[in-house]
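This report describes a single protein chain. It begins with one loop residue and then turns to the packing of the interior and the chain as a whole.

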Amino acid sequence: MANQENITQSLARTPLYQIGVEHKARFTSFGTWEMPVQYSSITKEHKAVRNNTGMFDISHMGKFTLQGRNIIDQLDNLVPSDLSRLQPSQAQYTVLLNPQAGIIDDIIIYYQGLDTTGTQKVVIIVNAATTDKDKSWILTHLDIQTVEFQDHSRDKILLAVQGPKATSYLQSLVRADLTPIKAFGHLETTIFGQPAFLARTGYTGEDGFEVMVDSEIGIELWQRLYDAGVIPCGLGCRDTLRLEAAMVLYGQDIDDTTTPLEAGLAWLVHLDTKRDFIGRSVLEQQQTKGVQRKLVGLQTQGRNIARHGYPVLWSGKTVGEVTSGTFSPTLGYPIALAYVPSQLATTKQQIEVEIRGKAYPSLVVKRPFYRSQNRVTS
């Protein structure tokens, strides 16, 4: 017990941690953080997001702000997506690549525009477990003489308000009109008279916003939303929601040994419009010759769940591995993501997954598994 207490005490806690304790949330270690995995039940919270609105404390995510000249040009060298196309108040989901085109992290770059002095402003949100690694990689490749880099990972609250009614819940508390904001649009406004950054992004497959504010404002915002009826949600249902939407999880579905073309993220790779970037030559070769493996969606038989690390079989031989798997509360059957040889990565291909020593039939299916009718377009 003493060792467990020492481990718990060594984990970082967000400014909303005490609220989770008061609401009797069940906590888990997530990287170096102690985070709520659920408040009531994963299924209840999952359905609240799909049918109404839920809110997530995602303050553990890495939060960087950059100001300076030619920031977009400098960042453009680190990702396969054409950032020059971004207009002020637009954002790009993309990936940082190493020289082998392996994915260092998947990130969102929010371009806030250019002021009268020629200074560009950018917000970057990265994964919690890779915050230090990403920060080091980005700073290594920026001209630090021309860029002011600020790390707000520990001093800002990031709250995700997700679901078909998210906009209406937030609108009464936000000064700016949220209705015109498109998917991946964002703005700076005020909440309770204090500065706030809002983006129409999320990790659930539903409409919603991610809100970055100072700690005191974030605590009040959480309470006001809770009083209005928004359901507190933990990382448990965030995982089932993102998997239904076939959104990849860094460290499981993608990592520094997988390329975006292998991971089904070809839509992020703009080889036709971009100049050189780290990892480009590898992606050009893969685009020409094809990839050896691909990430696919699987539907397994009955209620047998294919979990992370389970072997994928074909003709009695192990040919791949499950990266993520769960029972879908929305669809009512098990779903999974897995890497398989490219020749097996076709819809309706029958394969097997080994679950607790027994092979179960599975079917390669289209992704996403679930597509919301409530999401706005970009």
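In this predicted model, Gly-229 sits in the loop that connects α7 (215-228) to β13. Its relative accessibility is 37%; because partly exposed covers the range between under 20% (buried) and over 50% (exposed), Gly-229 counts as partly exposed. Gly-229 is separated from Glu-188 by 41 residues in sequence and, C-alpha to C-alpha, by 25 Å in space.

The strand on the other side of that loop, β13 (231-233), is one of the elements against which the buried residues of α3 pack; the others are β2 (33-38), β3 (54-57), β9 and α8. Helix α3 spans residues 42-51, and its buried residues are Glu-45, His-46, Ala-48, Val-49 and Arg-50.

Two nonpolar cores can be described. The largest has 42 residues, and those with the most contacts inside it are Phe-56, Ile-103, Tyr-110, Ile-254, Leu-265, Leu-283 and Phe-369. Two or more residues of this core come from each of β5 (90-97), β6 (103-114), β7 (120-126), β9 (156-162), β11 (194-199), α8 (235-244) and β17 (334-341). The largest share, four residues, is that of β5. Apart from this core lies another, of 28 residues, including Leu-170, Ala-176, Leu-178 and Phe-209. In soluble globular proteins, nonpolar side chains tend to be buried together.

Which residues are in contact with Tyr-110, leaving aside its neighbours within four places in sequence? They are Gln-90, Ala-91, Lys-121, Val-122, Val-123, Ile-125, His-186, Phe-197, Ala-199, Thr-201 and Glu-210.

At the level of the whole chain, the secondary structure comes to nine helices and 19 strands. The radius of gyration is 21 Å, close to the 21 Å that the globule rule gives for 378 residues, so the chain is as compact as a globular protein of that length. Further values for the chain are tabulated here.

| Property of the chain | Value |
|---|---|
| Box filled by the C-alpha atoms, along the principal axes | roughly 65 × 50 × 45 Å |
| Buried residues | 56% of the 378 residues |
| Accessible surface | about 17,000 Å² |
| Accessible surface belonging to carbon and sulfur atoms | 47% |
| Distance between the mean positions of the 37 positive and 38 negative charges | 8 Å |

Of the contacts between residues at least 6 apart in sequence, 66% join residues at least 24 apart.

Terms used: Residues are numbered from 1 along each chain as its sequence is written. This is a predicted model: local features need pLDDT of at least 70, side-chain atom pairs count only at pLDDT 80 or more; totals for chains, interfaces and linings use all residues. Side-chain values use heavy atoms; hydrogens and water are left out. A nonpolar core is a set of buried Ala, Val, Leu, Ile, Met, Phe, Trp, Tyr and Cys residues joined through side-chain atoms within 4.5 Å. Buried means under 20% relative accessible area, exposed over 50%, partly exposed in between (1.4 Å probe, protein chains only). Contact means heavy atoms within 4.5 Å. The radius of gyration is taken over C-alpha atoms; the globule rule is 2.2 Å times the number of residues to the power 0.38. Accessible areas come from the Shrake-Rupley method with a 1.4 Å probe; for residues, only the protein chains shown count as cover. Lys and Arg count as positive and Asp and Glu as negative; His and the chain ends are not counted. The place of a charge is taken as NZ of Lys, CZ of Arg, CG of Asp or CD of Glu.
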